[in-house]
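Work through the exercises below with the sequence and the 3D view side by side. Try each task before reading its solution.

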Amino acid sequence: MINFLRDKQFLNFVGKLLLIFAFCYLSSVAVIGLSTPGNYYSAFIDHYLNFISWIRMSLLFGTKTLLAIFGIDTYYASEFILRKVGGRGITLIYGCIGYGVLSFWIAFVLASAKKIKNKLSWLIGGLLLIWVINISRIALLLVATNNNWKMPLGWDHHTWFNIVAYVAIFAMIYYFDRNDRDAIYVKRSGSNEKN
């Protein structure tokens, strides 16, 4: 049997990670379903708990701001569409929000054994980085759409976003874990010096 499968701490972490991820991901799907007019629509959730809509608005605002920095004028054609003035637009559908990637990062940080203060800073920093990656992707997509650029390797922008976002997440996980290992090393070397 592989050693890490016997490690209760590791199994506890994986169990927490899976439960928190499932909760975050399924909550996102539930909010999307309950805030979209149709069979199970809830006006209360749509108006007061629709965090998916808040994320979408922040992504559109961030993209508009980023493009404005580079001199590209855009406008909101609807709550889902950002359009270049005199050009084409992009529609930010629910699949573009990145709630799967965000859910994974939230689950990873909350499942860790770090102190709450450390968790909070890593959580906010990671969510902000994923948000910046997403607005960069949306901005590039709008520019590419208006200039008839093709996606590298023929992959769509969702695939590219997932690749870049998960590379960033794994880099953050490396530093997240490294901080713990460095703290343990400092603690151990400090106790060795006393002996």
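The exercises concern a predicted model, and each task is followed by a stepwise solution.

**Exercise 1. Find which helix holds S103, and decide whether S103 is buried or exposed.**

Step 1. Locate the residue: S103 belongs to helix α5, which covers residues 99-111.

Step 2. Apply the cut-off: a residue is buried when its relative accessible area is under 20%. S103 has a relative accessibility of 2%, so S103 is buried.

Step 3. List its contacts. Leaving aside residues up to four places away in sequence, S103 touches F21, C24, Y25 and S28. With Y25 there is also a polar approach: the side chain of S103 comes to 3.4 Å from the backbone nitrogen of Y25.

**Exercise 2. Check the span of α5 against the expected value, and state how many of its residues are buried.**

Step 1. The expected span is 1.5 Å times one less than the number of residues. For the 13 residues of α5 this gives 18 Å.

Step 2. The C-alpha atoms at the two ends of α5 are 18 Å apart, so the model agrees with the expectation.

Step 3. Of the 13 residues, 11 are buried, so α5 is largely enclosed by the rest of the structure. Among them are Y99, W105, F108 and A111.

**Exercise 3. Repeat the span check for α6, and describe what follows this helix.**

Step 1. Helix α6 runs over residues 116-147 and has 32 residues.

Step 2. From first to last C-alpha, α6 reaches 46 Å, close to the 46 Å expected at 1.5 Å a residue.

Step 3. Just after α6 comes N148, with a positive phi of about 55 degrees.

**Exercise 4. Which residues of the largest nonpolar core touch the most other members, and which helix gives the most to this core?**

Step 1. This core has 20 residues, and W105, F108, I130 and I169 touch the most other members.

Step 2. Helices α5, α6 and α7 (157-194) each supply at least two residues of the core. The most come from α5, with 8 residues.

Step 3. Take W105 as an example. Not counting residues up to four places away in sequence, its contacts include W122, L127, I130, I169 and M172.

Step 4. A second, separate core has 19 residues, including V31, I97, I135 and I138.

Step 5. For background, nonpolar side chains tend to be buried together in soluble globular proteins.

**Exercise 5. Give the strand order of the sheet and name its edge strands.**

Step 1. Pair β1 (residues 74-76) with β2 (residues 81-84): they are antiparallel over 3 bridges. Y76 stands opposite L82 in β2. The two strands make a hairpin with 4 residues between them.

Step 2. Pair β2 with β3 (residues 89-91): this pairing is antiparallel over 3 bridges. R83 has G89 in β3 as its bridge partner. This hairpin has 4 residues between its strands, and G86 in the turn has a positive phi of about 75 degrees.

Step 3. Put the pairs together: the 3 strands form an open antiparallel sheet in the order β1-β2-β3. The edge strands are β1 and β3, each of which pairs on one side only. From one strand to the next, the twist averages 20 degrees.

**Exercise 6. Which strands do α4 and α6 lie across?**

Step 1. Helix α4 (residues 51-69) lies across β1 and β2, at about 160 degrees to β1.

Step 2. Helix α6 lies across β1, β2 and β3, at about 135 degrees to β3.

Methods. Residues numbered from 1 in each chain as written. Predicted model: local features only at pLDDT ≥ 70, side-chain atom pairs only at ≥ 80, totals over all residues. Heavy atoms only, no water. Buried < 20%, exposed > 50% of the residue type's maximum accessible area, 1.4 Å probe, protein only. Polar contact = N/O pair within 3.5 Å; in protein donor to acceptor, adjacent residues only side chain to side chain. Contact = heavy atoms within 4.5 Å. Core = buried A, V, L, I, M, F, W, Y, C linked by side-chain atoms within 4.5 Å. Pairing = 2+ DSSP bridges. Axes fitted to C-alpha atoms, helices over the stretch in contact; angles between N-to-C directions.
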